[in-house]
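Biologist: Could you walk me through this protein one step at a time? I am new to reading structures, so plain answers would help.

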Amino acid sequence: MNRIFLFILILVIIAGGALIGFWAVNLPGSVVINDSRGELVSLHTGVAAIALIVFGGLVAAVWWVISGLFVLPGKIGRSRQSNRARKANMALAEGLLAAEAGDSTHALKLARKAVKHAEDERLKLLLEARAAEANDDWAGAERAWGQLTRLPGGQLAGLRGSAMAAAERGDQSTAEARAREALGLKSNADWPFNSLFDLQVARGEWSRALETLAIGEKRGLISGDSLRRRRAVLHTAGAVGLPHDRKQEAQKALAEAIRAAPGFPPAAWHGARHLMIDGKEKAAQGVLELGWKARPHPALAQLSRRLVPQDARENIAARLQALVETYPTHRESRILSAELAMDRADWVEAVKSLALLVEENPTGRLCLLMERALKGYGDQDEAQRWGRMAASASREADWSDIDPKGNAFDFAQRDWSRLVYAFGDVGDLVHPRYETYGRELEAGRVLAIAGPEDDRIAPPKAPSDRLTPPLDYAEDDD
């Protein structure tokens, strides 16, 4: 393409020269000049014009050569600088790629090469830090990131790298300080908030994490359900860890947790338990009903049973029925209705209710409840069959929140930290006991209320005919 353009340009010049020559030859008259001896010399006008054009071209050529000699050193310098920048960029690019690939030896070699050629100190420090990280030299990486924070435009990146390097070498206080310093900068980056929040949650610093969460909300870094659920977990975790002499502060925190996320059962359970201890049973029942309406959980029903020690059966049944009525279509409400039927020795109604639930999902908990209902009805053989089925049936994650003693949501600090994200970001509520197959409350066991074997309850007389499988209980027997 360049050759064609050059050829056309030469043709244009030749054609232009021919036209100028033709024009000059046809010019009329002559030009008279004095030579060096004082004699007059007459030249045809065309010849004089051509000579003038040639002379101008010579002058222009000479001027181009002379000016080129003056600017030649600058061109040579710029060429060397461009070549140096090209080598530096190549070394930086290859070094960063080697660092990301985990080739620490090659990355360090290219970092030293880049230092010789690169003029931007920020790029050299960036590659040096990345190469040190690839070599697990966290102290060297932190040193390079720290130098980068002092250069224009490198403060935020340097603080992030310093925080990560400090965390890798186990210096959590320095990592927090770097994240806090970055959070104070005017930036839309979300890593300072996330890093600081994660560090505080990991250490169980619930109050500080709440403060950081408020900053994130103000800057628009977190919002919606995730914000509210995280806040509920943090308030609940903080309240549970307070001593008894700060119970008012704990109750206030639990109220904030319920207000933030009514569907967080631990907040409702602990809030109601605090009120129960203070003798405020009606207020505690109100909190349980609020929590049940948002998200029914078996632990709330267990606590409702025990709100008043040695309470009358009628009162217990009324409280549990009030829970059911807040969300009657929920699975837990249907299970609770079946338990209430067993409490009043209405075994047929209990079996009918449980049969529909078992058909949906035959968990170990439902199998044990079915075993209890069938024992009360009088079909011992069928009850034993359901008891055997319970051993191999699937477990329920929610039931794992209740330990063998009936205590619920008894989380360690690391478990609360886990819930900040599991429930806060996703809405999941699973006790680690479920994942580790730790012991939990027996699904068929009811606390603080007599079972069908109690002497105060007279089970109905067993029918002469053996009952058919539970799914056949569609109509009451006459």
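Modeller: Happy to! One definition to start: helices, written with α, are DSSP runs of at least four residues and are numbered from the N terminus. Please keep in mind that this is a predicted model.

Biologist: Which element gives the most to the lining of the largest pocket?

Modeller: The largest pocket holds about 290 Å³ of space. Of its 19 lining residues, the closest to the centre are V240, H270, R273, H274 and I277. The elements that give two or more residues to this lining are α10 (224-240), α11 (247-260) and α12 (265-277). With five residues, the one that gives the most is α12.

Biologist: How many residues in the lining of the largest pocket are nonpolar?

Modeller: The lining of the largest pocket can be divided by class. Four of its residues are charged and five are polar. The nonpolar residues number 10.

Biologist: What is the volume of the largest cavity?

Modeller: Rolling a probe the size of a water molecule over the atoms shows where empty space is left. A cavity is a place where such a probe fits but cannot get out. The count comes to one cavity of 30 Å³ or more. The space in the largest cavity is about 60 Å³.

Biologist: Which elements give two or more residues to the lining of the largest cavity?

Modeller: The residues lining the largest cavity are P298, A301, Q302, R305, E332, I335, L336, E339, R365 and W399. By class, five are nonpolar, one is polar and four are charged. The elements that give two or more of the lining residues are α14 and α16.

Biologist: R305 and E339 both appear in that list. How far apart in sequence are the parts that this pair ties together?

Modeller: R305 forms a salt bridge with E339, and their closest N and O atoms are 3.4 Å apart. R305 lies in helix α14 and E339 in helix α16, so the pair ties together parts that are separated in sequence by 34 residues.

Biologist: Are R305 and E339 buried or exposed?

Modeller: The cut-off to use is that buried means under 20% relative accessible area. R305 has a relative accessibility of 2%, so R305 falls under that cut-off. E339 has 7%, so for E339 too the word is buried.

Biologist: Which helices does the salt bridge between E360 and R334 link?

Modeller: The side chains of E360 and R334 meet at 2.9 Å, N to O. The pair links distant parts of the chain, 26 residues apart. R334 counts as partly exposed, at 26% relative accessibility. E360 and R334 sit, in that order, in helices α17 and α16.

Biologist: Which residues are linked with R203 in a network of salt bridges?

Modeller: A search of the whole structure finds 24 salt bridges. In one of them, E205 pairs with R203, the closest N and O atoms being 3.0 Å apart. The residues linked with R203 in a network are E176, R180, E205 and R208.

Biologist: Where is Q310 found, and is Q310 buried or exposed?

Modeller: Most residues other than glycine have a negative phi. Q310 is not a glycine, yet its phi is positive, at about 55 degrees. Q310 is found in the loop between α14 (298-305) and α15 (313-326). With a relative accessible area of 82%, Q310 is exposed.

Biologist: What is the relative accessible area of A345?

Modeller: A345 has a positive phi of about 65 degrees, although A345 is not a glycine. Its place is the loop between α16 (331-343) and α17 (347-360). A345 is partly exposed, and its relative accessible area is 24%.

How values were computed. Residues are numbered from 1 along each chain as its sequence is written. This is a predicted model: local features need pLDDT of at least 70, side-chain atom pairs count only at pLDDT 80 or more; totals for chains, interfaces and linings use all residues. Side-chain values use heavy atoms; hydrogens and water are left out. Buried means under 20% relative accessible area, exposed over 50%, partly exposed in between (1.4 Å probe, protein chains only). A salt bridge is a side-chain nitrogen of Lys or Arg within 4 Å of a carboxyl oxygen of Asp or Glu. On a 1 Å grid over the protein atoms alone, a cavity is a set of points where a 1.4 Å probe fits but cannot get out, and a pocket is an open set with protein on both sides within 12 Å along at least five of seven lines; lining residues have an atom within 4 Å of a point. Grid points are joined across faces, edges and corners, and a volume is the space filled by probe spheres set on the points. Ala, Val, Leu, Ile, Met, Phe, Trp, Tyr, Cys and Pro count as nonpolar, Asp, Glu, Lys and Arg as charged, and the others, Gly among them, as polar.
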